[in-house]
Amino acid sequence: MSIKSEVEVVDQAAVKRALTRITYEIIERNKGIEDLVLVGIKTRGIYLARRIAERMKQLENVEIPVGELDISLYRDDVHETNGNNNEPMINGSDIPVSIEGKQVILIDDVLFTGRTIRAALDALMDIGRPSKISVAVLVDRGHRELPIRADFVGKNIPTSLEEQIKVGVQELDGEDHVLIQKITK
């Protein structure tokens with residue numbers, strides 16, 4: 001597979017606006033930020049969760065706990081392997097507070113088939129029992145294979161199956177953007 005073309009569909013300013021909108025929606029729908037825990041799905045979801053928490057701190061003057069969730073062991077479709085054996089690589093989860101009885105917002109960069117969110121739900125339930133779990137994504141590209149939807153969406157970007165969405169974040173990629181890549185086989 002190779003990339004035939006690449007088009008930026010969301011620039012840095014639009015990413016910032018989308019995250020700000022998601023932040024306001026989370027505050028409004030949860031009627032504040034009591035008992036709220038943000039959990040970013042590794043890797044880019046962590047950076048998005050931290051930004052949303054920072055924006056909440058600016059708006060509400062309260063520090064929201066942010067956790068990191070590694071779903072490697074829970075994936076049913078892909079496994080990065082550790083060496084020559086078929087064991088998945090584990091990078092570890094880090095959630096600094098108990099999620100028992102809390103309102104957890106799972107945060108990821110792209111919602112596609114729904115398999116990542118399903119794996120994240122399984123991983124969360126092994127850690128604790130929140131009172132409510134919601135999903136926030138920067139981009140929803142469609143093509144669900146499971147009955148999963150996002151509660152908070154930055155941008156809906158319909159795609160074909162011959163396209164990929166690539167999210168760049170400043171912390172890892174040097175700039176914020178969303179690209180659509182046309183893939184040839």
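**Exercise 1. Locate N61 in this predicted model, and decide whether N61 is buried or exposed.**

Solution. Begin with the position in the chain: N61 belongs to the loop between helix 2 and strand 3. Next, take the backbone, where N61 shows a positive phi of about 60° although the residue is not a glycine. Finally, compare the relative accessible area with the cut-off: exposed means over 50%, and N61 has 67%, so N61 is exposed.

**Exercise 2. Carry out the analysis for K31: in which loop does K31 lie, and what is notable about its phi?**

Solution. The loop that holds K31 is the one between helix 1 and strand 2. The phi of K31 is near 50°, which is a positive value in a residue other than glycine. As for the surface, the relative accessible area of K31 is 76%, and K31 is therefore classed as exposed.

**Exercise 3. Find which residues are joined by a cis peptide bond with omega of about 15°, and place T43 in the chain.**

Solution. The bond in question links K42 to T43, and its omega is about 15°. T43 itself is found in the loop between strand 2, which covers 36-41, and helix 2.

**Exercise 4. Describe how helix 1 and helix 2 are arranged, using the distance and angle of their axes, the handedness of the crossing and the residues that meet.**

Solution. Two packed helices are described by the angle between their axes and the distance between the axes. Here, the axes of helix 1 (residues 12-29) and helix 2 (residues 44-60) come within 9 Å and cross at roughly 60°. The crossing of these two helices is right-handed. On the side of helix 1, the residues in contact include V15, L19, I22 and I26, while helix 2 contributes, among them, L48, I52, R55 and L59.

**Exercise 5. Determine whether S72 is buried or exposed, and identify which side chain shares a polar contact of 2.6 Å with that of S72.**

Solution. S72 sits in the loop between strand 3 (66-69) and strand 4 (103-111). Buried means under 20% relative accessible area, and S72 has 17%, so S72 is buried. The partner is D70, whose side chain is joined to that of S72 by a polar contact of 2.6 Å.

**Exercise 6. Establish how many aromatic pairs the structure holds, and which ring the charged end of R141 sits over.**

Solution. The count of aromatic pairs in the structure is 0. The charged end of R141, however, is placed over the ring of F112, at 3.9 Å from the ring centre.

Note on methods
Residues are numbered from 1 along each chain as its sequence is written. This is a predicted model: local features need pLDDT of at least 70, side-chain atom pairs count only at pLDDT 80 or more; totals for chains, interfaces and linings use all residues. Side-chain values use heavy atoms; hydrogens and water are left out. Helices (H or I, at least four residues) and strands (E, at least two) are DSSP runs, numbered from the N terminus. Buried means under 20% relative accessible area, exposed over 50%, partly exposed in between (1.4 Å probe, protein chains only). A polar contact is a pair of N or O atoms within 3.5 Å; within protein, one must be able to donate a hydrogen and the other to accept it, and residues adjacent in sequence count only if both atoms are side-chain atoms. Rings of Phe, Tyr and Trp (its six-membered ring) pair if their centres lie within 6.5 Å; planes under 30 degrees apart count as stacked, over 60 as edge-to-face and the rest as tilted. A charge sits over a ring if NZ of Lys or CZ of Arg is within 6 Å of the ring centre and within 35 degrees of the ring normal. Axes are lines fitted to C-alpha atoms, for helices over the stretch in contact, and angles run from 0 to 180 degrees between N-to-C directions. A crossing is left-handed if the near helix is turned anticlockwise from the far one by less than a right angle, and right-handed if clockwise. Contact means heavy atoms within 4.5 Å.
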